[in-house]
Amino acid sequence: MATHNSIVSSSRSRSKQTSSSQVVCYHNEIAPLRTVRYDGPTKGKRFFGCSYWPEQRTCGFFKWADEVDDVRDLHHLVMEKETRICELEYEMDMMKDKVKRLKAKKEKLVEEVEEMGIATTETMFELKENNTDKRLMLTLVFYWAFFTLVLLMK
């Protein structure tokens, strides 16, 4: 095979794609956009190649520029969806914790209401007993006054 310089332009410029994401090679570096320069059916067609080409440590990365947009866009959408799923799972965990705290608070409040109900019932019985005691005292005073009047009239 002839030298790669005669086949493609070897621009190592860090050009961006038309989409918001950049194409990276297997070295995880921005893959430069190149153009086929040799005669044939693909002459003039643009592609992304390894950022280290034509050096010897090339990773062999190759994507036609017109195919990359679809793949990169889909990859970007998948990443967005995975991020949203993670966010929703985190929110769900937070909601579960909140529900647990609210259930514990509810149980505590139910216990307090039950205790207040018992205390209220006891207080009502005490008030009834006090009313009964007052009536007995009034009755006793009335009978004592009546008995004193009867004795004084004789």
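**Note on the predicted model**

1. R34 belongs to strand β1, which spans residues 33–35. The model is predicted. With a relative accessibility of 2%, R34 counts as buried. A polar atom of the R34 side chain lies 3.4 Å from the backbone oxygen of W53.

2. On cysteines: searching the whole structure gives zero disulfides. The pair to look at is C50 and C59. The closest cysteine sulfur to that of C50 belongs to C59, at 3.6 Å, which is too far for a bond; a disulfide would need the two sulfur atoms within 2.5 Å. Seen from the other side, C59 is in no disulfide, and its nearest cysteine sulfur is that of C50. The two residues can also be described by accessibility: C50 is buried at a relative accessible area of 2%, whereas C59 is partly exposed at 26%.

3. On aromatic rings: five aromatic pairs are found in a search of the whole structure. One of them is Y26 with F61; the ring centres are 5.2 Å apart and the planes meet at 85°, so this pair is edge-to-face. Y26 and F61 come from distant parts of the chain, 35 residues apart: Y26 is in the segment before β1, and F61 is in the loop between β2 (46–49) and β3 (62–64). Y26 counts as exposed, with 60% relative accessibility, while F61 counts as buried, with 9%.

4. F62 and W64 also form an edge-to-face aromatic pair, with 5.0 Å between the centres and 80° between the planes. F62 counts as partly exposed at 40% relative accessibility; W64 counts as buried at 17%. Ring pairs join F62 and W64 with F47 in a cluster.

5. W64 has a charged neighbour as well. The charged end of K45 sits over the W64 ring, 4.3 Å from the ring centre.

6. Two annotated spans can be compared with the model. In the unreviewed UniProt entry, the annotation "coiled-coil region" covers residues 92–119. In the model, residues 92–119 are 100% helix and 0% strand, and the C-alpha atoms at the two ends lie 40 Å apart.

7. The second span comes from the unreviewed UniProt entry too: the annotation "transmembrane region" covers residues 136–153. What is the helix content of residues 136–153, and how far apart are the end C-alpha atoms? The span is 100% helix and 0% strand, with its end C-alpha atoms 25 Å apart.

How values were computed: Residues numbered from 1 in each chain as written. Predicted model: local features only at pLDDT ≥ 70, side-chain atom pairs only at ≥ 80, totals over all residues. Heavy atoms only, no water. UniProt positions renumbered as here; feature names shortened; annotations may be inferred. Helix = DSSP H or I, 4+ residues; strand = E, 2+ residues; numbered from the N terminus. Buried < 20%, exposed > 50% of the residue type's maximum accessible area, 1.4 Å probe, protein only. Polar contact = N/O pair within 3.5 Å; in protein donor to acceptor, adjacent residues only side chain to side chain. Phe/Tyr/Trp six-rings, centres within 6.5 Å; stacked < 30°, edge-to-face > 60°. Lys NZ or Arg CZ within 6 Å of the ring centre and 35° of its normal.
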